[in-house]
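Visitor: I am new to this structure and would like a close look at a single part of the surface. Please set out the surroundings as well.

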Amino acid sequence: MRIHEIQNHIKALHPEWVPQDEIYRKAVTNRITPDSVILDIGCGHSDSMCEIYSKGKKVIGQDIDEEAILKHPCLDERIIGDLDELNKL
C-alpha cells in the first residue's frame with residue numbers, strides 16, 4: 001500500500017484524523033511572511049514544501065546527505081553536515 005492509500009484508509013475509519021504532514025504544512029504556512037528566513041533542518045531532497053517556502057525571503061536547508069541536499073530544488077543556501085558536528089565549530 002502507498003502512503004496515501006494508508007492515509008485514506010485511516011481517514012475512513014477515523015474521520016477526525018489529520019495526517020502529520022498536513023498539520024506541519026498548516027503550521028508553517030501560518031507563520032511564513034515575506035521577510036521570513038526559513039531553516040529546514042534535515043531537508044533532504046523533497047520539494048513538497050517549495051510552494052510554501054517560496055512565500056518567504058530565503059530558504060536555508062541543512063542535511064547530512066550531500067547527494068540529497070544537492071538535488072533539493074528550492075534552497076537558496078545549503079548546509080551539508082551533521083548538526084552535532086557543525087555545532088562544535
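Guide: Helices and strands here are DSSP runs, with at least four residues for a helix and at least two for a strand, numbered from the N terminus. On that basis the chain has five helices and three strands. Read from the N terminus, the order of the elements is α-α-β-α-β-α-β-α. The model is a predicted one.

The part to look at is a nonpolar surface patch. Leu39, Ile41, Ile79 and Leu83 make up this patch, and its area is about 340 Å². One of these residues, Ile79, lies in strand S3, which covers residues 77-80. Partly exposed residues fall between the buried limit of under 20% relative accessible area and the exposed limit of over 50%. Ile79 has a relative accessibility of 34%, so this residue counts as partly exposed.

The patch belongs to a surface that can be described for the whole chain. About 6700 Å² of the chain is exposed, and 53% of that area comes from carbon and sulfur atoms. Of the 89 residues in the chain, 28% are buried.

The overall form can be given in a few values. Along the principal axes, the C-alpha atoms fill a box of roughly 50 × 30 × 25 Å. The radius of gyration of the chain is 16 Å, whereas a compact globule of 89 residues would have one near 12 Å. As for contacts between residues at least 6 apart in sequence, 21% of them join residues at least 24 apart.

Key
Residues numbered from 1 in each chain as written. Predicted model: local features only at pLDDT ≥ 70, side-chain atom pairs only at ≥ 80, totals over all residues. Heavy atoms only, no water. Patch = residues over 30% accessible without salt bridge, like charges linked within 9 Å, V, L, I, M, F, W, Y side chains within 5 Å. Areas by Shrake-Rupley, 256 points an atom, 1.4 Å probe, with all protein chains shown as cover. Salt bridge = Lys/Arg side-chain N within 4 Å of Asp/Glu carboxyl O. Buried < 20%, exposed > 50% of the residue type's maximum accessible area, 1.4 Å probe, protein only. Rg over C-alpha atoms; globule rule 2.2 N^0.38 Å. Contact = heavy atoms within 4.5 Å.
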